[in-house]
2 protein chains.
Amino acid sequence: MDRISATYLIETPLPVEMAAASLAGEQSSGTFVPVPGETEELKQRFAARVEKITPRETVNSPALPGCRPSDGKFQRAEIVVSWPVENMSYNLPALVSTIQGNLYELSQFSGLKLMDLELPPALARHFRGPKFGVAGTRQFTGVQNRPLIGTIIKPSLGLTPQQTATLVQTLADAGIDFIKDDELMADPPHSPFDERVDAVMPVLHAHADRTGKKIMYAFNLSDELDAMLRHYDKVVRSGGTCAMISLNSVGLAGVKKICDVGALAIHGHRNGWGLLNRHPFLGIEFPAYQKLWRLAGVDQIHVNGLGNKFWEGDDSVVRSIESCLKPLFPDTVAAGVSRLNLRENRSGLTSAPATIGDFSVLPVVSSGQWGGQAPETFRRTQTVDLLYLAGGGIMAHPDGPAAGVHALRKWWEAAVDGLTVEQAAAKYPELRMSVETFAGKVR
Amino acid sequence: MDRISATYLIETPLPVEMAAASLAGEQSSGTFVPVPGETEELKQRFAARVEKITPRETVNSPALPGCRPSDGKFQRAEIVVSWPVENMSYNLPALVSTIQGNLYELSQFSGLKLMDLELPPALARHFRGPKFGVAGTRQFTGVQNRPLIGTIIKPSLGLTPQQTATLVQTLADAGIDFIKDDELMADPPHSPFDERVDAVMPVLHAHADRTGKKIMYAFNLSDELDAMLRHYDKVVRSGGTCAMISLNSVGLAGVKKICDVGALAIHGHRNGWGLLNRHPFLGIEFPAYQKLWRLAGVDQIHVNGLGNKFWEGDDSVVRSIESCLKPLFPDTVAAGVSRLNLRENRSGLTSAPATIGDFSVLPVVSSGQWGGQAPETFRRTQTVDLLYLAGGGIMAHPDGPAAGVHALRKWWEAAVDGLTVEQAAAKYPELRMSVETFAGKVR
C-alpha cells in the first residue's frame with residue numbers, strides 16, 4: 001500500500017513514543033475516548049504509523065507554551081510518521097489537513113515542525129506538477145547555461161501603468177531577462193491589472209521584435225479566484241508568458257486551479273513564509289513546503305538569497321535551493337525525466353533537462369541581492385538553474401540599470417569560474433564598483 | 001481616505017520607532033536602497049503609517065532567532081500601522097500580503113504577531129460577508145434561544161457511506177442539531193463524497209418528514225477547487241444546508257469562491273491554526289484571523305472550547321468567542337444590521353438578529369467538550385449563540401447517544417440558569433452521571 005511519510009522535529013514532556021503515538025492517533029482517528037465503530041480492522045487499515053524515532057537532546061524549558069505537563073524535562077526527537085494515501089486520496093487540502101492539521105494544537109508537544117515529506121510514485125501519476133519548471137522557463141526566455149537575471153518593479157506601489165511601462169523599457173534596454181510586479185502590487189485603482197498588461201506587453205513585444213529577446217514578466221495575479229482567472233486570460237491574450245501568485249495569501253486550492261490552466265509559467269511568491277518557518281520548533285521547513293507547491297504545479301518558487309536582508313541564515317537558503325533541485329519523486333521515472341538528467345542538472349553547468357515540467361521548480365533567489373552574493377551562492381549550490389532577482393542592485397547602480405544588469409551577469413561568470421568576491425573585483429573593474437556601491441548596504 | 005489598521009505585538013532590538021518605520025516601509029515601498037521614482041508625493045499617498053506605539057516590557061533574550069543586532073535588550077511594544085485601502089483595493093489575498101507578508105522576515109524584529117484589524121466601512125459595502133451567519137444557521141435548523149448541539153462523525157476515517165448513514169440515524173434519533181464530517185474525511189475511495197451525501201441525506205430528510213426537525217450536516221468539501229464546486233452542487237441538489245471547509249488547507253481564494261455561491265452555510269474548520277498562533281510572538285491572533293474569514297464569507301468558525309484537550313488556555317478561547325460576536329464594522333449600519341440588534345444578541349438570551357448574514361459568524365465550540373464546560377463557557381461569554389460540538393461526549397455516553405445529547409442540552413439549561421458544575425450535578429441526576437463519566441478524562 002502506498003504511504004505518505006512526514007518527518008517532524010518534535011519536543012515533548014512525555015516519553016517520545018507516547019507523544020508520537022498520540023500524533024498518529026489524532027491525525028487518523030482522534031477523539032478523547034474510544035468510540036463504537038473504531039474496530040481493530042479499521043485501525044489497521046487507516047491508522048497513521050510511527051515509522052522511526054531518533055532521539056535528540058533534552059532541554060529544561062519548553063520551546064512553546066501550553067504543553068502538559070509543563071515542567072520537568074523536554075525531550076527532542078526526529079520522528080517519521082506515515083499515512084496510507086487512501087486516507088486523503090489525491091486531494092492536496094486533505095493532505096495538508098492530515099500532515100499539518102490539528103497536530104500543532106496537541107498539548108503532548110512543546111514543539112513540532114514538519115521537516116520533510118516523502119511522496120510515493122502514485123502521486124506522480126496523478127498530479128501533473130509544474131507545467132514548465134526549469135526547462136520551460138528557459139525555453140520561454142531563451143536563457144541557457146546561466147541564471148536568469150531578473151528584477152522587481154519598484155517602488156512597489158504608486159506607479160501608473162505608463163510609468164511601469166517606461167521602467168520596463170529601461171530594464172529591457174538594460175538587457176534584463178525577467179521582471180516582476182512587487183507582491184504588494186496587484187490590481188489597485190492607480191494601476192488596474194489589465195491596463196498594466198496593456199502598457200507593459202507592447203514594450204516587451206517591440207523589444208522581442210527588435211532584438212529577438214523575450215523578456216518574461218510576472219504579472220501579480222494574486223486576487224480572488226474569478227479575478228485571477230480573468231487576469232490570467234488577459235496575460236495569455238496579450239502574449240505574456242508568466243504570472244505571479246502570493247502562495248500563502250491565495251492558498252493551495254486557488255493556486256492549483258490557476259496552475260492547472262497550464263498556459264503561463266507560475267511564479268510562486270512565498271510572502272508570509274516567516275510566519276510558517278521562523279521559529280525552530282513550530283511550523284514547516286522549506287523542503288516540505290516546496291513539495292506541496294510542486295504538487296500543485298508552481299513553476300518558480302522564492303527561496304530568499306545568501307547574505308539576504310531578512311532574518312534567514314545562509315545554511316537555510318542553501319538547503320532550500322537544494323531541495324528545489326532534488327527530484328520530487330526520486331524513485332520513479334514516472335514523471336518523464338531520468339535521474340541521470342537531474343544529476344547532470346545539479347552539476348550546474350548543463351542546462352535543465354529537456355523534458356518540460358518533470359516536477360522541476362526554478363528557485364527564485366532574491367532579497368538584497370546585488371551580485372556580490374553570486375560567488376558564494378554558486379560555491380555552495382553548484383547550480384546556475386536559478387532566477388536571480390536584484391532590485392536596488394540594478395536600479396540603483398551608479399552607472400544606470402544597464403550597468404547593473406551587466407554587472408550581475410559578470411558576477412555570475414566570475415562565480416562559475418570559481419572566483420571569490422575579492423578575486424572578481426580585482427579582475428573586473430565594473431565589479432569593483434559594485435562592491436564599492438553595495439557591499440555592506442544590505443539591511 | 002479610508003485606511004485599514006493593523007495592531008501588532010512586536011519585539012525588537014532597535015528603537016521601537018525605527019523598527020515600526022521599517023515595517024511600514026517594507027510593506028508599502030521596500031527595497032534596501034532608494035530607487036528613482038520613489039517621489040515624496042508617491043510616498044505621501046501610498047505609504048503605510050505608524051499610528052501608535054505603546055511600549056511594553058524589555059527582555060534580555062529574543063523571542064525568535066535571526067534579529068539584528070541579536071544581543072542587548074529587546075523592547076516589546078504594541079504598534080498600530082495603517083494603509084490606504086487603495087493599496088490593496090478590495091482584494092483579500094493582496095490585503096493578507098500587505099498585513100501579513102514579508103514583515104515576519106524582517107531582521108529588525110525578534111517577535112511579531114498580528115493582534116487585530118480595524119476595517120473601514122468601505123469594505124462593508126464591497127464584501128457581502130457570511131450569507132447566513134448566526135441567524136441563517138438558526139433558520140436552517142430551527143434552533144432558537146440555546147446553542148446548537150452538534151457532533152463529529154467518528155472514527156474520523158474508515159466508515160463506509162452506509163456506516164456513516166447508520167450513525168447519522170442514531171444521532172438523529174438522539175435529537176442532535178448538527179453533524180459534521182471529521183476534517184480528515186474528505187473524498188477517499190472508501191467513502192466517496194457523493195456516495196456519502198447519497199447515503200446521509202435520505203436519513204436526514206426522513207427524519208425531518210417524521211419530526212419536523214431539520215438537522216444540519218456539514219459535509220467536508222475541502223478539496224481542489226473544481227471538486228469543491230462539484231461537491232457543493234451535489235449537496236445543494238440533495239437538499240443539504242451546509243458544507244465544511246478546512247480554511248487553512250484550502251486557502252483564502254478557494255474559500256471565498258465557495259462562500260460566494262451562497263446556497264449553503266459554510267462551516268469553517270481552522271485545523272492548522274496552532275501553526276499560526278501557538279507562539280506568543282509569532283503569527284496571528286484569532287481576533288484578526290476571524291475577520292479575514294468573515295470578509296470571505298464563512299458562516300461558522302471553530303474557536304476551540306473551554307477546558308479543551310489542546311494546548312490553548314480558556315482566556316484565549318473566551319477572547320475568540322467574543323471576537324466572533326463583535327460586529328465586523330462597529331461604526332456602520334451599512335451591512336444592514338443595527339448596533340442595537342447586535343447588542344441584544346450579545347446578551348445571549350435573545351436569538352441572533354433577524355437579518356441574515358450581517359457579517360455575523362457563529363462560533364463553533366469543540367475539542368473535548370462534554371457539557372461540563374457549559375457553565376463556565378456561559379458565565380464567561382454570556383451567549384448562547386454557539387454551535388457546541390461534542391464527539392466522545394455524545395457517542396461514548398454510558399446510556400447511549402440520546403442520553404448524551406439530552407445531557408448536553410440540560411448542561412446548557414443549567415448554565416443559562418447560572419448553576420455551577422457542582423450545583424448542576426446536584427440538581428440533575430443525569431448530569432451527575434456525566435461528571436462521573438467524563439470529568440478529568442479530557443486529554
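Just after helix H11 of chain A, A:Gly262 adopts a positive phi of about 80°, and this briefing, which concerns a predicted model, starts from that point. Helix H11 (residues 252-261) of chain A has seven of its 10 residues buried, so it is largely enclosed by the rest of the structure. The topics that follow are the strands E8, E9 and E11 of chain A, the open sheet of chain A, backbone geometry in loops, a buried threonine of chain B, and cysteines.

**Helix H11 of chain A**

- The buried residues of H11(A) are A:Leu252, A:Ala253, A:Gly254, A:Val255, A:Lys256, A:Ile258 and A:Cys259, a list in which a lysine appears alongside residues such as leucine, valine and isoleucine.
- In an α-helix there are 3.6 residues to a turn, so residues three or four places apart point the same way.

**Strand E9 of chain A and its partners**

- Strand E9 (residues 265-269) of chain A is mostly covered, with five of its five residues buried.
- In a regular strand the side chains alternate between the two faces of the sheet.
- Both faces of E9(A) are covered, since A:Ala265, A:His267 and A:His269 on one side are buried, as are A:Ile266 and A:Gly268 on the other.
- Strand E8 (residues 242-246) of chain A runs parallel to E9(A) and is joined to it by five bridges, with A:Ile245 standing opposite A:Gly268.
- Strand E11 (residues 300-302) of chain A also pairs with E9(A) in the parallel sense, here over two bridges, and in this pairing A:Gly268 stands opposite A:Ile301.

**The open sheet of chain A**

- Five strands of chain A form an open sheet with mixed pairing, in the order E2-E3-E1-E4-E10.
- The edge strands of this sheet are E2 (49-59) and E10 (282-284) of chain A, each of which pairs on one side only, and the twist averages 15° from one strand to the next.
- Strands E2(A) and E3 (residues 74-84) of chain A pair in the antiparallel sense over eight bridges, and within this pair A:Ile53 stands opposite A:Ile79 in E3(A).
- Helix H1 (residues 16-26) of chain A packs on the sheet, where it touches E1 (3-12), E2, E3 and E4 (111-118) of chain A, and the direction of the helix makes about 35° with that of E3(A).

**Backbone geometry in the loops**

- Most residues other than glycine have a negative phi, and most peptide bonds are trans.
- The peptide bond from A:Arg68 to A:Pro69 is cis, with omega near -5°, and A:Pro69 belongs to the loop between E2 and E3 of chain A.
- A cis peptide bond with omega near -5° likewise leads from A:Lys154 to A:Pro155, and A:Pro155 is placed in the loop between strand E5 (148-152) and helix H7 (161-173) of chain A.
- A:Asn304, in the loop between E11 and helix H14 (314-325) of chain A, has a positive phi near 65° although it is a residue other than glycine, and it is buried, with a relative accessible area of 4%.
- In chain B, B:Ser89 occupies the loop between helix H3 (85-88) and helix H4 (92-100), where its phi is near 55°, again a positive value in a residue other than glycine.
- At 19% relative accessibility B:Ser89 counts as buried, because the term applies to values under 20%.

**A buried threonine in chain B**

- B:Thr383 lies in the loop between helix H16 (374-381) and strand E13 (387-389) of chain B, and with a relative accessible area of 0% it is buried.
- A polar atom of the B:Thr383 side chain lies 3.0 Å from the backbone nitrogen of B:Asp385.

**Cysteines and disulfides**

- A disulfide is a covalent bond between the sulfur atoms of two cysteines.
- Over all chains, a search of the whole structure finds zero disulfides.
- For the sulfur of B:Cys242 the closest cysteine sulfur is that of B:Cys259, at 11 Å, which is too far for a bond, because a disulfide requires the two sulfur atoms to be within 2.5 Å.
- The relation also holds from the other side, as the cysteine sulfur closest to that of B:Cys259 is in B:Cys242.
- Both of these cysteines are enclosed by the definition used here, with B:Cys242 buried at 0% relative accessibility and B:Cys259 buried at 3%.

Key:
Residues are numbered from 1 along each chain as its sequence is written. Chains are lettered from A and ligands numbered from 1 in the order in which they are written. This is a predicted model: local features need pLDDT of at least 70, side-chain atom pairs count only at pLDDT 80 or more; totals for chains, interfaces and linings use all residues. Side-chain values use heavy atoms; hydrogens and water are left out. Buried means under 20% relative accessible area, exposed over 50%, partly exposed in between (1.4 Å probe, protein chains only). Helices (H or I, at least four residues) and strands (E, at least two) are DSSP runs, numbered from the N terminus. Two strands pair if DSSP finds at least two bridges between them. A polar contact is a pair of N or O atoms within 3.5 Å; within protein, one must be able to donate a hydrogen and the other to accept it, and residues adjacent in sequence count only if both atoms are side-chain atoms. Axes are lines fitted to C-alpha atoms, for helices over the stretch in contact, and angles run from 0 to 180 degrees between N-to-C directions. Contact means heavy atoms within 4.5 Å.
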